Amino acid sequence: MQQYILALDQGTTSSRAIVFDRAGQPVASAQKEFRQLYPRAGWVEHDPDEIWSSQLECAREALRLAGITAAEVASIGVTNQRETTIVWSAATGRPIYNAIVWQCRRTADRAERLSRDMGERVQSICGVLPDAYFSATKIEWILDHVDGAREMARRGELRFGTVDSWLIYNLTGGRLHLTDRTNASRTMLYDIHRFDWSDELLALFGIPRSMLPEVRPSGAGFGDTAPELFGRAIPIGGVAGDQHAALFGQCCFEPGEAKNTYGTGCFLLMNTGALPIASKNRLITTLAATETDLPEYALEGSVFVAGAAIQWLRDEMGLITSAAESESVARSVPDTAGVYLVPAFAGLGAPYWNAYARGTLVGLTRGAGRAHIVRAALESIAYQTSDILRAMEADTSKTLPHLRVDGGASANAFLMQFQADILGAEVLRPSCAETTALGAAYLAGLNAGVWQSRDELRALGGGTTGFRPSMDEGTRNALLDGWRVAVKQCLSGTN
Ligand code: ADP
């Protein structure tokens with residue numbers, strides 16, 4: 001009886017594998033870190049062989065820890081760090097350069113010029129504004145800097161893939177060159193309206209179509225693993241980029257439903273249904289993960305500094321000794337006494353978009369102390385999240401029914417309650433924190449028939465903790481007014 005789903009969660013700093021049972025509960029997991037390579041300031045690379053070997057080891061280890069064999073696994077789901085770019089030889093399967101990681105800034109100048117010259121045009125095709133994050137300028141860089149690469153590409157001898165493609169290629173013994181729609185959406189080459197690579201964008205970067213993987217819906221089926229890897233072939237039933245997988249794992253299936261991942265930064269995605277929404281706030285339009293051919297779209301936005309502000313309190317300011325301590329310190333005062341922190345350490349993102357903004361602490365009085373500043377830092381995470389969600393609501397003319405949350409800082413109950421209060425909407429935190437892996441497992445399980453429908457998925461999982469808004473409107477509006485003034489002061493320094 002095939003009771004289990006194996007989710008492979010290939011992240012930026014580690015590879016993980018989790019075995020889920022039919023109830024959607026994690027049964028066993030394994031994790032392995034791999035090297036981060038920084039060949040120059042601002043450059044970030046991974047060794048593609050380490051990505052693959054660490055992922056394979058974890059998969060085997062998770063099966064071993066679960067005490068099951070490949071025969072009991074119905075399907076594999078893959079989720080991965082997005083945008084990271086690998087180019088390999090079709091003949092040998094060997095990468096011709098290291099993986100260029102999403103964080104790598106080596107193509108920032110190129111992306112900036114593109115953004116200035118034809119940003120709108122690019123976004124109208126692929127949903128994203130030109131940025132060095134996305135794969136296109138990274139592929140172009142490899143073709144321009146690796147000896148003979150352009151000629152090989154022209155002769156059809158090279159293959160490009162995001163990490164999911166690289167894993168599928170290796171999982172299938174080099175037989176299949178595939179990706180899913182969500183990962184394709186992050187390459188800056190994929191036409192999200194026509195579900196095909198864009199000839200116009202391919203020409204812009206000089207990338208021949210022969211390099212590109214076939215794109216399938218996230219739950220479409222991606223071949224079988226080579227039998228020798230796990231002792232028996234296992235179908236690969238689902239693939240989605242990490243944030244998209246989390247949206248699916250959180251069961252945000254209705255238009256207007258959104259999830260926020262509170263990590264170093266925040267990643268917000270809102271399901272917008274069958275039609276792509278062009279944002280007026282420079283949010284990204286992307287294809288959501290679906291188990292069928294029918295497209296669904298999402299809006300995506302991110303907060304640059306979220307949990308990182310808490311690390312800053314700990315490491316630079318010495319105001320707390322652990323991130324978790326921020327909660328009790330914040331609760332030790334009834335409010336921030338008018339103190340606001342705008343943690344624009346790396347500029348301000350949506351909906352303000354100012355690269356020159358810098359962190360700003362306002363409203364200090366003689367009575368302001370450590371606890372007020374710690375509380376202001378936590379509250380800033382909620383305000384920034386609220387700003388993005390309001391922009392999404394404006395773009396979609398939808399009202400957020402509730403917000404589903406995950407990520408390290410979602411453990412902070414003070415922050416979650418304040419988030420609910422500031423949004424005026426319930427915040428729902430699932431008991432299974434592994435929403436990304438779970439999303440990949442859900443896609444794979446639907447594909448394999450372990451689960452039949454989205455309704456069935458909604459009924460799975462171990463329940464949620466709800467944080468209901470309890471703040472009166474007057475207080476909420478006064479707090480939000482104060483935040484707006486603080487942001488204004490932060491931005492005024494950039495003129
Ligand atoms: P990432 O995947 O970006 O590394 P995680 O999801 O592991 O992030 O979350 C880690 C971040 O969350 C850190 O920035 C940390 O400061 C913050 N964090 C962790 N626990 C708490 C907490 N209890 N309260 C507030 N912030 C927290």
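Is His193 buried, partly exposed or exposed? His193 is partly exposed, because its relative accessible area is 38%, and that value falls between the limits of 20% for buried and 50% for exposed. Keep in mind that this is a predicted model.

Start with the place of His193 in the chain. His193 sits in a loop. Strand E10 (190-191) lies on one side of that loop, and strand E11 (196-197) on the other. Now look at what His193 touches. Setting aside neighbours within four places in sequence, His193 is in contact with Ser124, Ile125, Pro276 and Tyr297. With Ser124 there is a polar pairing: a polar atom of the His193 side chain is 3.0 Å from the backbone oxygen of Ser124. Phe267 gives a sense of distance. Along the chain, His193 and Phe267 are 74 residues apart. In space, their C-alpha atoms are separated by 23 Å.

Next, turn to Asn80. Asn80 belongs to strand E5. Asn80 counts as buried because its relative accessibility is 0%, and the limit for buried is under 20%. What does the side chain of Asn80 join in a polar contact? The partner is the side chain of Asn183, at 2.8 Å. Beyond its neighbours within four places in sequence, Asn80 is in contact with several residues, including Gln10, Val163 and Asp164. Ala240, Gly241 and Asp242 are also among them.

Asp242 leads on to the salt bridges. Side chains of opposite charge can pair when their charged atoms come close. The count of salt bridges in this model comes to 34. One of them joins the side chains of Asp242 and Arg82, with 3.4 Å from N to O. This pair links distant parts of the chain, 160 residues apart. Arg82 is in the loop between strand E5 (73-80) and strand E6 (86-89). Asp242 is in helix H9 (residues 242-249). Both Arg82 and Asp242 are buried.

Other salt bridges stay inside one helix. Take Glu379 and Arg375. Their side chains meet at 3.1 Å, N to O. Both residues lie in helix H12 (residues 370-396). They are 4 residues apart, about one turn of the helix. Why does that spacing matter for direction? An α-helix has 3.6 residues a turn, so residues three or four places apart point the same way. Glu379 and Arg375 are both buried.

Helix H16 (residues 473-492) offers another such pair, Asp481 and Arg484. Their closest N and O atoms are 2.9 Å apart. Because the two residues are 3 places apart in H16, about one helical turn separates them. How covered are these two residues? Asp481 is partly exposed, because its relative accessible area is 41%. Arg484 is partly exposed too, with a relative accessible area of 47%. Salt bridges can also share partners, and in this way Arg82, Glu83, Arg186, Asp242 and Glu300 are joined into one network.

Now move to the ligand. How many residues surround the ligand? The number is 14. The closest are Thr264, Gly307, Gln311, Gly408 and Asn412. Helix H10 (residues 307-315) gives the largest share of this shell, 4 residues. Sorted by kind, the shell holds 6 nonpolar residues, 8 polar residues and no charged ones.

Three polar approaches to the ligand can be followed one by one. A polar backbone atom of Gly307 is 3.0 Å from an oxygen atom of the ligand. A backbone N or O atom of Gly408 lies 2.8 Å from a ligand oxygen. Asn412 uses its side chain: a polar atom there is 3.0 Å from a nitrogen atom of the ligand. Taken alone, the ligand exposes 570 Å², and the protein buries 65% of that.

Asn412 also brings us to helix H13. At the start of H13, a side-chain oxygen of Asn412 reaches to within 3.1 Å of the backbone nitrogen of Phe414. Helix H13 covers residues 413-423 and is mostly covered itself, with 9 of its 11 residues buried. Phe414, Leu415, Met416 and Phe418 are among the buried residues. So are Gln419, Ala420, Asp421, Ile422 and Leu423. Just after H13 comes Gly424, with a positive phi of about 65°.

Notes: Residues are numbered from 1 along each chain as its sequence is written. This is a predicted model: local features need pLDDT of at least 70, side-chain atom pairs count only at pLDDT 80 or more; totals for chains, interfaces and linings use all residues. Side-chain values use heavy atoms; hydrogens and water are left out. A salt bridge is a side-chain nitrogen of Lys or Arg within 4 Å of a carboxyl oxygen of Asp or Glu. Buried means under 20% relative accessible area, exposed over 50%, partly exposed in between (1.4 Å probe, protein chains only). A residue is near a molecule or strand if one of its heavy atoms lies within 4 Å of it. A polar contact is a pair of N or O atoms within 3.5 Å; within protein, one must be able to donate a hydrogen and the other to accept it, and residues adjacent in sequence count only if both atoms are side-chain atoms. Accessible areas come from the Shrake-Rupley method with a 1.4 Å probe; for residues, only the protein chains shown count as cover. Ala, Val, Leu, Ile, Met, Phe, Trp, Tyr, Cys and Pro count as nonpolar, Asp, Glu, Lys and Arg as charged, and the others, Gly among them, as polar. Contact means heavy atoms within 4.5 Å.
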